[in-house]
Amino acid sequence: MYIEIVSMKETHLDDVLRIEDDSFPDPWSLRSFRREIMENPYAHYFAALNSSKVIGYIGGWVIIDELHITNLAVDPLYRRKGIARKLLNRLTVRAKQEGSLRVTLEVRVSNSSAIALYQKYGFIPVGCRPKYYTNDHEDALIMWKEIIDEGE
């Protein structure tokens with residue numbers, strides 16, 4: 001299966017929202033994604049395409065020397081095929097090009113598959129944000145990783 005990682009565009013958002021709805025109990029809105037890709041100067045968002053279909057996406061903010069990952073999701077039909085790793089690599093490479101030295105994210109403490117993915121990718125848990133998620137007040141695990149030479 002050929003996967004192309006491209007900068008996210010407005011034309012990708014219908015597929016992105018479908019994946020977002022399938023992946024999260026409190027999904028981002030169309031307005032939130034539009035604002036990120038069209039107005040936020042710190043944001044970098046990428047889509048994974050199979051042919052022209054979006055099958056995954058990632059986004060984050062590069063602020064000074066840190067990358068904060070805000071979103072990562074893969075279509076349920078395409079999970080466990082290395083797409084999340086490719087998306088993580090692409091965003092991390094972009095962040096490093098812009099001077100980032102480390103990357104952070106928050107993940108639901110109940111999301112064991114995402115935590116396992118991040119740990120496999122070299123992230124380490126460093127703390128907890130109590131009641132971080134507004135819809136159900138679940139805690140978030142804070143994870144960090146130093147950026148070294150990342151690549152496909």
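Biologist: What percentage of the residues of the protein chain count as buried?
Modeller: Keep in mind that we're looking at a predicted model. A residue counts as buried when its relative accessible area is under 20%. Of the 152 residues in the protein chain, the share that passes is 43%.

Biologist: And what does the surface look like: how much of the accessible surface belongs to carbon and sulfur atoms?
Modeller: The accessible surface of the protein chain adds up to about 8,400 Å². The part of it that belongs to carbon and sulfur atoms is 51%.

Biologist: How many helices and strands are there, and in what order do the elements run?
Modeller: The protein chain has four helices and seven strands. Reading from the N terminus, their order is β-α-α-β-β-β-α-β-α-β-β.

Biologist: What is the radius of gyration of this chain, and why call it as compact as a globular protein of that length?
Modeller: The globule rule gives 15 Å for 152 residues, and the chain comes close to that, so it is as compact as a globular protein of that length. Along the principal axes, the C-alpha atoms fill a box of roughly 40 × 35 × 30 Å. The radius of gyration itself is 15 Å.

Biologist: What share of the contacts with a separation of 6 or more comes from residues 24 or more positions apart?
Modeller: A contact here is a pair of residues with heavy atoms within 4.5 Å. Taking the contacts with a separation of 6 or more, the residues 24 or more positions apart account for 62%.

Biologist: Let's zoom in on Ala47. Is it buried or exposed?
Modeller: Ala47 sits in strand 2, residues 43–50. Beyond its neighbours within four places in sequence, Ala47 is in contact with several residues, including Glu4, Val6, Tyr57 and Leu87. With a relative accessibility of 0%, Ala47 counts as buried.

Biologist: How far apart in space are Ala47 and His12?
Modeller: His12 is on the list of residues in contact with Ala47. The two are 35 residues apart in sequence, yet from C-alpha to C-alpha the distance is 7.6 Å.

Biologist: On to charges. How far apart are the mean positions of the positive and negative ones?
Modeller: The protein chain carries 20 positive and 22 negative charges. Take the mean position of each set, and the gap between the two is 4 Å.

Biologist: How many salt bridges does that give us?
Modeller: To count, a side-chain nitrogen of Lys or Arg has to lie within 4 Å of a carboxyl oxygen of Asp or Glu. Going by that rule, the number of salt bridges is eight.

Biologist: Which residue meets Arg18 in a salt bridge at 2.8 Å?
Modeller: Arg18 is in helix 1, and its partner is in the loop between strand 4 and helix 3, 57 residues apart from it. Arg18 is partly exposed at 29% relative accessibility, while the partner is buried, at 3%. Asp15 is also linked into a network with these two. The partner is Asp75.

Biologist: Which residue does Arg102 pair with?
Modeller: The N to O distance in this salt bridge is 3.1 Å. Arg102 lies in strand 5 and its partner in the loop between strand 3 and strand 4, so the pair ties together parts that are 37 residues apart in sequence. Arg102 is partly exposed at 21%, and its partner also has a relative accessible area of 21%. That partner is Asp65.

Biologist: And which residue forms a salt bridge with Arg108?
Modeller: Arg108 is in strand 5 and the partner is in the loop between strand 6 and strand 7, so this bridge ties together parts that are 28 residues apart in sequence. Arg108 is buried, with a relative accessible area of 10%, but its partner is partly exposed at 39%. The closest N and O atoms are 3.0 Å apart, and the partner is Asp136.

Biologist: Any odd backbone angles? What is the phi of Ile64?
Modeller: Ile64 is in the loop between strand 3 and strand 4, and it is exposed, with a relative accessible area of 74%. Although Ile64 is not a glycine, its phi is positive, at about 55 degrees.

Biologist: Where is Lys131 found?
Modeller: Lys131 is not a glycine either, but has a positive phi of about 55 degrees. At 61% relative accessibility, Lys131 counts as exposed. Its place is the loop between strand 6 and strand 7.

Definitions and conventions
Residues are numbered from 1 along each chain as its sequence is written. This is a predicted model: local features need pLDDT of at least 70, side-chain atom pairs count only at pLDDT 80 or more; totals for chains, interfaces and linings use all residues. Side-chain values use heavy atoms; hydrogens and water are left out. Helices (H or I, at least four residues) and strands (E, at least two) are DSSP runs, numbered from the N terminus. The radius of gyration is taken over C-alpha atoms; the globule rule is 2.2 Å times the number of residues to the power 0.38. Buried means under 20% relative accessible area, exposed over 50%, partly exposed in between (1.4 Å probe, protein chains only). Accessible areas come from the Shrake-Rupley method with a 1.4 Å probe; for residues, only the protein chains shown count as cover. Lys and Arg count as positive and Asp and Glu as negative; His and the chain ends are not counted. The place of a charge is taken as NZ of Lys, CZ of Arg, CG of Asp or CD of Glu.
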